[in-house]
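User: Please take a close look at one part of this predicted model, the internal cavities and what surrounds them. I would like one connected account.

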Amino acid sequence: RLGIPPMVGMLMAEPIGLFRQRYPGVELKIAEFGGLTVQQAVSNGELDLAMTALPVDEDSGLSTLPLFNHPLCVLTPRTEAWENVQSLSPEALAAHPLVIYNEDFALSRQLMALFTCHDVKPRIAVRSGQWDFLVAMAAAGLGSTLMPAPLLTRLNIGPELAVRPLAEPAFDWHVALIWKPGHYMSHAARAWLRVCEEVLAQPQR
């Protein structure tokens, strides 16, 4: 019982392939929900493991294994309003309509915290749990959106969209594997943890 948010799932082909190669007889049951939903499911014992964006609530008591991190990029329509913009501060981003993730996505909570830290209120036009739908909405001119850099290679970005960096402070997408200490972990879950430690885990400093 593994929880993987849809955005993270796009980057899991290699570890899932290795898992199937090493454990061909072990079924990996995957539940796809937003990061905050899978965090709660792990806390409640409904999932053995989950992948989610950091940070995890400190009072959750969950164990974490950092896996990877990537910068966030801003996708903006190629309109006159964006013509001379090279990079975007949180203030500049909040001044235009946004199409962003549903509230059960950990990344959505991080973005809202970023805006709050800069004392600005974003103009949210559309929320969705589907990254390709958000890109389509941005391409249609409904607003800008943010995507982790690795997903850009999987997107069909046409001439109607421009990719711009988010200005300082740098805002990265940090993903980790989480589990509940002391909770029974199935054979499949332990096997997945070993594969992630080998293929994805960031070296300890």
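Analyst: P5, M7, V8, G35, T52, A53, F105, A106, L107 and W173 line the largest cavity of this predicted model, and the space enclosed there comes to about 80 Å³. Helix 1 (6–9), strand 3 and helix 5 each contribute at least two residues to that lining, whose members divide into eight nonpolar and two polar, with no charged residue.

One residue of this lining, G35, also belongs to helix 3 (residues 35–43), where G35, V38, Q39, A41 and V42 are buried. These buried residues lie on the same side of helix 3, because the arc they cover around the axis is only 165°. Among the elements that cover them are strand 1 (2–3), strand 3 (49–53), helix 5 (106–117) and strand 9 (172–179). Just after helix 3, G45 adopts a positive phi of about 85°.

The search of the whole structure finds two cavities of 30 Å³ or more, and the second largest has a volume of about 30 Å³. Its lining consists of R1, L2, L28, L49, A188, A189 and W192, with helix 7 (residues 187–199) giving the most, namely three residues. By class, this second lining divides into six nonpolar residues, no polar ones and one charged.

As for the cysteines, C73 counts as buried because its relative accessibility is 14%, under the 20% limit, whereas C117 counts as exposed because its relative accessibility is 66%, over the 50% limit. A search of the whole structure finds zero disulfides.

Terms used: Residues numbered from 1 in each chain as written. Predicted model: local features only at pLDDT ≥ 70, side-chain atom pairs only at ≥ 80, totals over all residues. Heavy atoms only, no water. Disulfide = S-S within 2.5 Å. Buried < 20%, exposed > 50% of the residue type's maximum accessible area, 1.4 Å probe, protein only. Helix = DSSP H or I, 4+ residues; strand = E, 2+ residues; numbered from the N terminus. Arc of directions from axis to C-beta. Contact = heavy atoms within 4.5 Å. 1 Å grid on protein atoms, 1.4 Å probe; cavity = no way out; pocket = protein on both sides within 12 Å on 5 of 7 lines; lining within 4 Å. Points joined across faces, edges and corners; volume = space filled by probe spheres on them. Nonpolar A, V, L, I, M, F, W, Y, C, P; charged D, E, K, R; others polar.
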